[in-house]
Amino acid sequence: MTYNTLKWDVEDGILMLRLNRPDQLNAFTTEMADELVDAFGRASEDDAVGAVIVTGEGRAFCAGMDLDVEGNVFGLDESLRPTMDHMRAVKPVPSTRDGVRDEGGRVTLAIFDCKKPVIAAINGAAVGVGATMTLAMDIRMVSEKARMGFVFGKLGITPEACSTWFLPRLVGPQQALEWILSADIFDAAEGLRAGLFRSVHAPENLIEAAKALARKFTENRSPVAAALARQMLLRNSAMSHPIEAHRVDSLAMFYTSIADGKEGVAAFLEKRNPQFRERASAMPDFYPWWDNASL
């Protein structure tokens with residue numbers, strides 16, 4: 001697929017995915033939402049991609065929704081009057097658009113489902129959906145020039161992109177409520193103190209630092225084991241009892257141990273780098289273990 005709002009570049013197993021509307025500070029559109037959903041689905045199944053780094057072209061990461069468009073700027077169908085019964089019928093398939101679903105949520109669900117680790121390299125302003133889309137990413141690394149804000153209150157709207165699920169898990173309810181209700185813009189230092197950001201970098205060093213971390217995630221690593229571990233950590237911690245994690249752990253350990261695990265043990269004993277052969281495009285039969293039909 002050729003993208004109009006994104007740049008896709010793969011080098012040494014790392015996908016650089018750039019939001020590419022620099023003249024509009026990479027403002028988010030429904031087209032960008034569609035392309036991001038496609039890109040994360042594509043990256044998930046592309047064995048040439050080991051990890052994804054998301055950044056912005058130019059001086060901003062993403063300045064939020066593009067408000068300078070005709071009609072409903074959020075891509076919603078104002079002729080509808082949806083109810084919670086309508087939403088209960090919506091399944092967690094991010095490709096589906098119905099004039100009611102929040103576009104940012106479609107993107108974060110696609111990121112959540114991705115089999116590859118996702119790093120946000122936040123190079124500048126990230127506000128609104130530009131902030132909330134990063135919450136579904138595994139790591140947030142930022143430039144010293146980065147600024148972030150959950151500014152929905154200033155527009156008279158609510159948080160979106162599943163951020164009310166992600167943000168309290170990352171920084172706790174108190175900090176999440178303060179940022180949402182105040183709608184303040186905060187700097188890199190505040191985000192680091194709150195634990196939202198992993199690290200702060202000089203602007204010229206941000207991308208190389210993100211690539212170095214991505215290489216740690218991918219070099220001499222089994223793509224299948226990594227994909228399983230990512231989904232296990234994201235999903236199992238939300239279960240009501242550890243037995244649910246035990247069930248998944250047991251199957252994941254069983255199937256990795258009879259595949260790439262054999263090579264990993266042999267390489268360890270022979271003091272050499274492993275040559276893993278399994279691919280994330282061909283996961284064990286029990287994957288996905290979650291039942292989307294019941295959600």
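**Exercises on a predicted model**

Arginine 42 lies over the face of tryptophan 8, 3.6 Å from the ring centre. The coordinates come from a predicted model.

**Exercise 1.** Determine which ring the charged end of arginine 169 sits over.

*Solution.* The ring belongs to tryptophan 165, and the charged end of arginine 169 is 3.7 Å from its centre.

**Exercise 2.** Establish how strand β3 (residues 51-56) is placed between its neighbours and whether it is buried or exposed.

*Solution.* Step 1: consider strand β2 (residues 14-19), which runs parallel to β3 and is joined to it by six bridges. Within this pairing, alanine 51 of β3 is the bridge partner of isoleucine 14. Between the two strands the chain passes through helix α1 (residues 30-45), and this β-α-β crossover is right-handed.

Step 2: consider strand β4 (residues 118-122), which is also parallel to β3 and is connected to it by three bridges. Here isoleucine 53 stands opposite isoleucine 119.

Step 3: examine the side chains. Ala51, Ile53 and Thr55 point one way from β3, Val52, Val54 and Gly56 point the other way, and all are buried. Because six of the six residues are buried, β3 is largely enclosed by the rest of the structure.

**Exercise 3.** Classify the ring pair of tyrosine 287 and tryptophan 289.

*Solution.* Step 1: the structure holds 14 aromatic pairs. In the pair of tyrosine 287 and tryptophan 289, the ring centres are 5.9 Å apart and the planes meet at 75°. Planes over 60 degrees apart count as edge-to-face, so this pair is edge-to-face.

Step 2: place the pair in context. Tyr287 and Trp289 belong to one aromatic cluster with Phe254, Tyr255, Phe286 and Trp290. Tyrosine 287 has 12% relative accessibility and therefore counts as buried.

Technical notes. Residues numbered from 1 in each chain as written. Predicted model: local features only at pLDDT ≥ 70, side-chain atom pairs only at ≥ 80, totals over all residues. Heavy atoms only, no water. Buried < 20%, exposed > 50% of the residue type's maximum accessible area, 1.4 Å probe, protein only. Helix = DSSP H or I, 4+ residues; strand = E, 2+ residues; numbered from the N terminus. Pairing = 2+ DSSP bridges. Right-handed = clockwise from strand over helix to strand, strands pointing away. Phe/Tyr/Trp six-rings, centres within 6.5 Å; stacked < 30°, edge-to-face > 60°. Lys NZ or Arg CZ within 6 Å of the ring centre and 35° of its normal.
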